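Work through the following exercises with the sequence and the model side by side, trying each task before reading its solution.

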Amino acid sequence: MRFPAAAVLFLSICVTPLCAQTSRRVPLPPRASLPPIQLEDQWTTALVNRDAQTFDRLLAPGFVYTEDATVMNRADVIKSVSGPDRVNWARNEGMRVHDFGDVQVITGVLHLRGKGKQGAFDRRFQFTDTWQRRNGRWQIIAAQDYLIPK
């Protein structure tokens, strides 16, 4: 599960400042204006860091999450960030963007390693995330994960 209600969420990206040829720093775009494919990695980082503030920023009001037979709302997901499972490592694999203008659907695999109530885990989830541009910034409006059987 990507969200720790049965607890688990996302990984680290390292964004280094871009430098111009004159070695002056070029400002990075504000986080909210990044494309969803990059926001996916911020989400993964927030999972590892248990960063509820990032989820608060990325999840749109009315956000809905489905994993197998479980459905969670925005508040449930944000609360689950501090759940009992601890993600130590995570990465997105094979992400593909399906562009519909102000809506983008991203599919891929989330690979997680960590420790939970039953001990160490190594899980892979097939995911579909739906992002919408709202007031000039991208927010995730729906997500679905399926635990890939080993």
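**Exercise 1.** Determine whether Glu67 is buried or exposed, and how far away the nearest side chain of opposite charge is.

*Solution.* Glu67 is buried, where buried means under 20% relative accessible area and exposed over 50%, with a 1.4 Å probe and protein chains only. Glu67 has no salt bridge, the nearest side chain of opposite charge being that of Arg123, 7.1 Å away; a salt bridge requires a side-chain nitrogen of Lys or Arg within 4 Å of a carboxyl oxygen of Asp or Glu. The side chain of Glu67 does, however, make a polar contact (N or O atoms within 3.5 Å, one able to donate a hydrogen and the other to accept it) with the side chain of Tyr65, at 2.8 Å.

The model is predicted, so local features need pLDDT of at least 70 and side-chain atom pairs pLDDT 80 or more, whereas totals for chains, interfaces and linings use all residues. Residues are numbered from 1 along each chain as its sequence is written, and side-chain values use heavy atoms, leaving out hydrogens and water.

**Exercise 2.** Place Glu67 in its strand, and find which sense of pairing joins E3 and E4.

*Solution.* Glu67 belongs to strand E3, residues 59-67, strands being DSSP runs of at least two residues, numbered from the N terminus. E3 and E4 pair in the antiparallel sense over 4 bridges, where pairing needs at least two DSSP bridges. Within E4, Val71 stands opposite Thr66. The two strands form a hairpin with 2 residues between them, and Asp68 in the turn has a positive phi of about 50°.

Methods
Lys, Arg positive; Asp, Glu negative; His and termini not counted.
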